[in-house]
Amino acid sequence: MKIFIASALLLVGSCATLRHSEKVNNLKDSITYKNKSLVEIYLNTIKIDELKSHVVEVSSDKYMGRMTGEDGHNQVCDYIRQYYKRLNITAPESHPNYYQIVPKDALPENLNASQNIIAYIKGSEFPNEYVYIAAHSDHEGIVNGQIYNGADDNGSGTAAVLEMAEAFSQAVKDGFGPKRSIVFLHVTAEEVGLHGSRYYTQNPIFPLDDTIATLNIDMIGRVDDRHLDNENYIYLIGSDKMSTELDFIAQKANATFTNLELDYKYNDDRDPNRYFYRSDHYNFALKDIPVIFFFNGEHEDYTKPTDTADKINFPLLQKRAKLIFATAWYLANAEERLKKEIL
C-alpha cells in the first residue's frame, strides 16, 4: 500500500510538473516581436554620440555634483525639462512645467525642496495604462571640497532615458506611437534614501493601479570586477519577483536585439548587497507594480569623485539602452496587458 501511494504521488507530481512546464513554455512562445524590423529602426536612433553628450553635460563640474535641492541639481533638472520640450514630449496636464515639487518636509533635514521631472507620451489604444522608464537625476554633491560628478551614477541612466524618449518620439512622428502611455520619470533624492520615488508613489500623477511596469535604470555605463573578461552583460534585478512574463519579455528583447549576458546574481533574495531594496524601483514594487532594475554593478569609482564621463563605456551603454528600449516597446505595444503572475 505504501508503495502504491508513493507511486501515485510520483505520478501526480510528474503531471503537475508537466503542466507547469507547458505553461512556462506557452508563455515564452507567446512573446514575439512581430515587427522586429520596425523596432530596429528606432533602436538605431539611440546613438553613442548623443548618449555621450548627455552624460558629459549632466556630470559636468558646473553642476557641482547634483546634490538634491541645490542649484546644480536644479539646473540639471531644467536641462532635462528643456530637452523634453524640444522633443515635443508633453508634460502631464496637472504639472504643465514637467515638475512635481518634492517639498522640504518630505526630504531629510538640511535639504532644500527639490523636484521630480515627468514627461509622457499618450498611448493610442490604451492611454490609461502606463509604462514607466525611470532614473534618478541627483548625485552626492561636493564632499570634502571634491565634486562627485556621478557620470555612471546616474548620468548613464539619465542619458539612456533621454535617448529612449527621443526614439519613442520619432516613432510617434512616423505614425508608430505606443499603444500604452509611456512615462519618463526622473526622480530626485535617490542618493539620500529614495525619497523622490517614495514621494511620487505616495502622490502619483498617473494612477498606480493602471501602471503596467516600471523599468528603473541606475548605473549602466561601466563594467564591474566580476565581468572584466566579458563586458557584454547587464544585471537584471527584480524582473521575476512580481511577474514571470516581465522577465521573459526582457529575455526575449535581449535574444532578439542585443545578446547581452543577463546576470541574475543580485536578484537572489539572499544577496547580502540587497540591491533590490536600494534603488527607486523598490518604491514601485511596494505598490505591487512589476519592476526591473537594470544595473552594471559596483566598480572602483562607485560613489567617488572619480566617477567621471571619460570612464564611461559608451558602446556598452548604447547596447544596454537598446535592451531597455526594446523591453519598453514590447510592454507598451503588446496586445494584452502584462500579467502579474508568478509561474
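This is a short tour of the structure, from the whole chain down to one histidine. Keep in mind that the model is predicted.

**Stop 1: the whole chain.** Select the protein chain and show it as a cartoon. You should find 9 helices and 10 strands. The C-alpha trace spans about 80 × 45 × 40 Å along its principal axes. The radius of gyration is 21 Å, which agrees with the value near 20 Å for a compact globule of 343 residues. For the contacts with a separation of 6 or more, 82% come from residues 24 or more positions apart.

**Stop 2: the surface.** Switch on the accessible surface of the protein chain, about 14800 Å², and colour it by element: 50% of that area belongs to carbon and sulfur atoms. As for what is tucked away, 56% of the 343 residues count as buried. Now pick out the charged side chains. There are 36 positive and 49 negative ones, and the centres of the two sets lie 4 Å apart.

**Stop 3: His227.** Go to the loop between β7 (211-217) and β8 (233-237) and select His227. Is His227 buried or exposed? It counts as buried because its relative accessibility is 4%, under the 20% cut-off.

**Stop 4: around His227.** Add the side chains of Asp224 and Asp263 as sticks. The His227 side chain makes a polar contact of 2.8 Å with that of Asp224 and another of 2.9 Å with that of Asp263. To fill in the surroundings, also show Tyr233, Tyr235 and Glu261: along with Asp263, these are the residues His227 touches once those up to four places away in sequence are set aside.

Technical notes: Residues numbered from 1 in each chain as written. Predicted model: local features only at pLDDT ≥ 70, side-chain atom pairs only at ≥ 80, totals over all residues. Heavy atoms only, no water. Helix = DSSP H or I, 4+ residues; strand = E, 2+ residues; numbered from the N terminus. Buried < 20%, exposed > 50% of the residue type's maximum accessible area, 1.4 Å probe, protein only. Polar contact = N/O pair within 3.5 Å; in protein donor to acceptor, adjacent residues only side chain to side chain. Contact = heavy atoms within 4.5 Å. Rg over C-alpha atoms; globule rule 2.2 N^0.38 Å. Areas by Shrake-Rupley, 256 points an atom, 1.4 Å probe, with all protein chains shown as cover. Lys, Arg positive; Asp, Glu negative; His and termini not counted. Charge placed at Lys NZ, Arg CZ, Asp CG, Glu CD.
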